[in-house]
Amino acid sequence: HRDWILVQQLGGLADTSISNNEMTVTVSSAGTQNYSVQLIHEDIPLLQGRRYKLIFTAIADSEAPITVRLGSYNTYDTEAFQKQVDMDTVWKSYEFEYTALVDDLFARLEFNLGKNLNRHQFKDVKIYRID
């Protein structure tokens, strides 16, 4: 829990809680951008040209898209991938393979949850280097 940061901006408001190793993010004000509410994990290492796999399990109260992104903390550039994920109302596992575009030992993983009022739950978030 302490490794995750909740960012609220541009009209986005949310609350978080942890129970049974599940992070719940309840968006109470959607904001104007998908990044109006962000659940962020910092200090994700990227080595340019190396391949990685992101795996997570998630559920939401209503079906709505979120954006999952791995990018720079300083410039906000996408450094590995950006994907729209359609959340489901049943627990579902998601897997993405990606290649790092740059060297960055302090990239950030973002779950961008703005623009929709929803309650999201995440668990088993893992990143592996696969080459």
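Begin with the open sheet of this predicted model: five strands follow one another in the order β2-β3-β10-β5-β8, and their pairing is antiparallel. Select β2, residues 12-19, and then β8; these are the edge strands, each of which pairs on one side only. Looking along the sheet, one finds a twist that averages 30° from one strand to the next.

Next, display β3 together with β10, residues 119-129. The two strands run antiparallel and are joined by four bridges. For one position in this pairing, select Thr-24, which stands opposite Gln-121 in β10.

Turn now to β6 and β7. Their pairing is antiparallel and extends over seven bridges. Thr-67 has Gln-84 in β7 as its bridge partner. The two strands make up a hairpin, with six residues between them. Within that turn, select Tyr-76, whose phi is positive, at about 70°.

The next stop is the interior. Which residues have the most contacts inside the largest nonpolar core? They are Phe-56, Val-68, Phe-111, Leu-113 and Phe-122, in a core of 29 residues. To see where this core is drawn from, colour the elements that give two or more residues to it: β3 (22-30), β4 (37-46), β5 (51-60), β6 (65-71), β7 (78-86), β8 (92-99) and β9 (104-112). Of these, β5 supplies the largest share, five residues. The general background is that nonpolar side chains tend to be buried together in soluble globular proteins.

Two of the core residues merit individual selection. Centre the view on Val-68, in strand β6. Is Val-68 buried or exposed? Its relative accessibility is 0%, and Val-68 therefore counts as buried, the limit being under 20%. Show its surroundings, leaving aside neighbours within four places in sequence: Val-68 is in contact with Leu-54 and Phe-56, with Phe-81, Gln-82, Lys-83 and Val-85, and with Leu-109, Glu-110 and Phe-111. A C-alpha distance may be drawn from here to Asn-112: the two residues are 44 residues apart along the chain, yet these atoms are separated by 6.2 Å.

Finally, select Leu-113, another of the residues with the most contacts inside the core. Not counting residues up to four places away in sequence, Leu-113 touches Val-25, Val-27, Asn-34, Val-37, Leu-39 and Ile-66, as well as His-120 and Phe-122. Keep Phe-122 displayed at the end of the tour, since Phe-122 is itself listed among the core residues with the most contacts.

Notes:
Residues numbered from 1 in each chain as written. Predicted model: local features only at pLDDT ≥ 70, side-chain atom pairs only at ≥ 80, totals over all residues. Heavy atoms only, no water. Core = buried A, V, L, I, M, F, W, Y, C linked by side-chain atoms within 4.5 Å. Buried < 20%, exposed > 50% of the residue type's maximum accessible area, 1.4 Å probe, protein only. Contact = heavy atoms within 4.5 Å. Pairing = 2+ DSSP bridges. Axes fitted to C-alpha atoms, helices over the stretch in contact; angles between N-to-C directions.
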